[in-house]
Amino acid sequence: MKFLCLICAETVMEQMPEADAAKHFEEYVAFTEGIRRSGQYVGGNRLLPPGAATTVRVRNGKVSTTDGPFAETKEQIGGYYVIEARDLNEAILVAAKIPGARIGSVEVRPIADDAATLRALGRTKSAAAALDAIHDRPP
């Protein structure tokens, strides 16, 4: 099963003192190397701060945009990992090792792979398995 791990924190890298941010980056390097070695890494990235975001809404056919994130909250989504795990328990064990979990939170959410979702994305289970094989990932 694949899981999305959304990393949320009140302080993102750009807001940390330079030495703290550098240390935090190194913790992420070590974590990422570990889940690559274990075969659990599927993908991930750091996001720019919420100020760089644009929220898009469509109401009655009209598109509107707002600078910044939609939700008013202290915590910000700072990045994400997509991981491979046997089940939710294993995904939680992996998420608990994400450095951001110590200063914020990590939301772990299963990624849908039902037939309707795959069809909406233009994929089938067999096509998804073939893509995983090409990218050297377990199905």
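## A first stop: Val63 and its patch

Val63 is exposed, with a relative accessible area of 53%. You will find Val63 in strand S4, which covers residues 62–67. Together with Val56 and Val58, Val63 makes a nonpolar surface patch of about 270 Å². Please keep in mind, here and throughout the tour, that this is a predicted model.

## The chain as a whole

Stepping back, the protein chain has four helices and six strands. Followed along the sequence, these elements come in the pattern β-α-β-β-β-β-α-β-α-α. The chain counts 139 residues, and 29% of them are buried.

How much of the accessible surface belongs to carbon and sulfur atoms? The share is 57%, out of a surface of about 9,300 Å². As for contacts between residues at least 6 apart in sequence, 72% join residues at least 24 apart.

## Helix H1 and its two sides

Helix H1 runs over residues 18–38. With 21 residues at 1.5 Å a residue, H1 should span 30 Å, and its end C-alpha atoms are indeed 30 Å apart, so the expected and computed lengths agree.

Which residues of H1 are buried? They are Ala21, His24, Tyr28, Phe31, Thr32 and Ile35. Looking down the axis of H1, you would see these buried residues fall within an arc of 100°, so they line one face of the helix. A general rule helps in reading such a pattern: an α-helix has 3.6 residues a turn, so residues three or four places apart point the same way. On the other side of H1, the exposed residues are Ala19, Lys23, Glu26 and Arg37.

What do the buried residues of H1 pack against? Their partners are three strands and a helix: strand S1 (2–9), strand S2 (41–46), strand S5 (76–84) and helix H2 (88–95). Just after H1 comes Gly39, which takes a positive phi of about 85°.

## A closer look at Thr32

Thr32 is one of the buried residues of H1. Its relative accessibility is 14%, and residues under 20% count as buried, so Thr32 belongs in that group. Apart from its neighbours within four places in sequence, Thr32 is in contact with Tyr41 and Tyr81.

## Salt bridges across the chain

Side chains of opposite charge can pair when their charged atoms come close. In this model the count comes to six salt bridges, and three of them are worth a visit here.

Begin with Glu84 and Lys2, whose side chains meet in a salt bridge at 3.4 Å, N to O. Glu84 sits in strand S5 and Lys2 in strand S1, so the pair ties together parts that are 82 residues apart in sequence. Is Glu84 buried or exposed? Glu84 is buried, with a relative accessible area of 12%, whereas Lys2 counts as partly exposed at 22% relative accessibility.

Next come Arg46 and Glu14, which meet in a salt bridge at 2.7 Å, N to O. This pair links distant parts of the chain, with Arg46 in strand S2 and Glu14 in the loop between S1 and H1, 32 residues apart. Arg46 counts as partly exposed at 35% relative accessibility, and Glu14 counts as partly exposed at 41%.

## Back to H1 by way of Arg102

Another salt bridge joins the side chains of Arg102 and Glu27, at 2.9 Å, N to O. Here too, distant parts of the chain are linked: Arg102 is in the loop between H2 and strand S6 (104–110), while Glu27 is in helix H1, 75 residues apart. Arg102 is exposed, with a relative accessible area of 55%, and Glu27 counts as partly exposed at 22% relative accessibility.

These residues have company: Lys23, Glu27 and Arg102 are linked in a network of salt bridges. You met Lys23 earlier, among the exposed residues of H1.

## A last stop: Glu90

Glu90 lies in helix H2. Where Val63 is exposed, Glu90 is buried, with a relative accessible area of 15%. Leaving aside its neighbours within four places in sequence, Glu90 is in contact with Gln40, Glu84 and Ala85. Among these contacts is Glu84, the residue whose side chain meets Lys2 in a salt bridge.

Definitions and conventions. Residues are numbered from 1 along each chain as its sequence is written. This is a predicted model: local features need pLDDT of at least 70, side-chain atom pairs count only at pLDDT 80 or more; totals for chains, interfaces and linings use all residues. Side-chain values use heavy atoms; hydrogens and water are left out. Patches are made of residues with over 30% relative accessible area and no salt bridge: like charges are joined within 9 Å, nonpolar side chains (Val, Leu, Ile, Met, Phe, Trp, Tyr) within 5 Å. Accessible areas come from the Shrake-Rupley method with a 1.4 Å probe; for residues, only the protein chains shown count as cover. A salt bridge is a side-chain nitrogen of Lys or Arg within 4 Å of a carboxyl oxygen of Asp or Glu. Helices (H or I, at least four residues) and strands (E, at least two) are DSSP runs, numbered from the N terminus. Buried means under 20% relative accessible area, exposed over 50%, partly exposed in between (1.4 Å probe, protein chains only). Contact means heavy atoms within 4.5 Å. The expected span of a helix is 1.5 Å times one less than its number of residues. The arc is that of the directions from the helix axis to the C-beta atoms.
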